[in-house]
Amino acid sequence: MHGNYFITGTDTEIGKTHSAVRLIEQLQRQGKTVLAMKPVASGCERLADGSWHNDDVARLCAATGQTDLALMNPYRFEPAVSPHIAAREAGVDISLEHIGACYRALAGQADCVLVEGAGGWLAPLSDTLYMEDLARALALPVILVVGMKLGCINHALLSARAIRASGCPFAGWVANRLSSGQPRYAENLATLSAALGMPPLLELPWEGGADAA
C-alpha cells in the first residue's frame, strides 16, 4: 500500500475505524508518515471546556498523533444519527469544497492520508450528496471494510459494484471479524476473495468487541 485512500464499509458499526487504525499501523511499519481524516462525525460529545469528543476521531488521532481537529474533523454533530439529518438539525450545509481543502492541507503534510467515511458507501450527507460524492470529489481509491457476519457476501458485493460503477478505483478490502463464531468463516472469506477479485488487504481477528465500531 502507498498513497491516500478513502475507507468505506458495508454498513455502520462494522469496524471502519478499527480497520483504519490497523492500516495506519501497517503503513507506519513501512516507514511512512500517515495522517487520518474523519470529515464528518456524528455522535459527538461537547466537553466542559467547550471542546468536542468523538470515539472514532479520538482513536484515529491516537494512532497518528494528530491534534489539529479543524483539518482532521471539519464537521461534527452531537446526535448519533445519519449525517444529513444531524447537519440539517444544526443548520449546517456540508461542503465538499471545504472538506477538499482540509484534505489537501493534510495530504501536503504526510506520505499517506486515510479518509474515513461515515456509515456505508451511500450514506447521505445531504438531500443530494452521498459518501460516494465525497470520495469522488477527493479522487481517492476506495478500501471497503467488510464486517464478516451472516449476509456479508451480499453487502460486500453490492458495495463493491457501486464503488466500481462510481468510477472510483476499488483498491481492496478488509475482512473484519465481528464475532468469534461466524459459521463457515473460511468459506465466506474464500467466496469474497474470488468474487472481489483479490484477497483481503488485512484479515482482522475478533478482539472481543474492540473491532465493533
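Contact is defined here as heavy atoms within 4.5 Å, and helices (H or I, at least four residues) and strands (E, at least two) are DSSP runs numbered from the N terminus. The structure is a predicted model, in which local features need pLDDT of at least 70, side-chain atom pairs count only at pLDDT 80 or more, and totals for chains, interfaces and linings use all residues. Residues are numbered from 1 along each chain as its sequence is written, and side-chain values use heavy atoms, with hydrogens and water left out.

Helix H5 (residues 96-107) has buried residues (under 20% relative accessible area, 1.4 Å probe, protein chains only), namely Leu96, Ile99, Gly100, Cys102, Tyr103 and Leu106. These cover an arc of only 165° around the axis, taken from the directions from the helix axis to the C-beta atoms, which places them on the same side of H5. The exposed residues (over 50%) Glu97 and Arg104 lie on the face of H5 turned away from its buried side. The cover over the buried residues of H5 includes strand E2 (34-37), strand E7 (112-120) and helix H6 (131-138).

The largest nonpolar core (buried Ala, Val, Leu, Ile, Met, Phe, Trp, Tyr and Cys residues joined through side-chain atoms within 4.5 Å) has 43 residues, and Phe6 and Trp173 have the most contacts inside it. H5 contributes the largest share of this core, five residues.

Helix H1 (residues 16-29) and helix H2 (residues 55-64) pack at an angle of about 10°. They are therefore roughly parallel to each other, a term for angles under 35 degrees. Residues making this contact include Val21 and Ile24 of H1 and Leu60 and Ala63 of H2.

Notes. Axes fitted to C-alpha atoms, helices over the stretch in contact; angles between N-to-C directions. Parallel < 35°, antiparallel > 145°, perpendicular 65-115°, else oblique.
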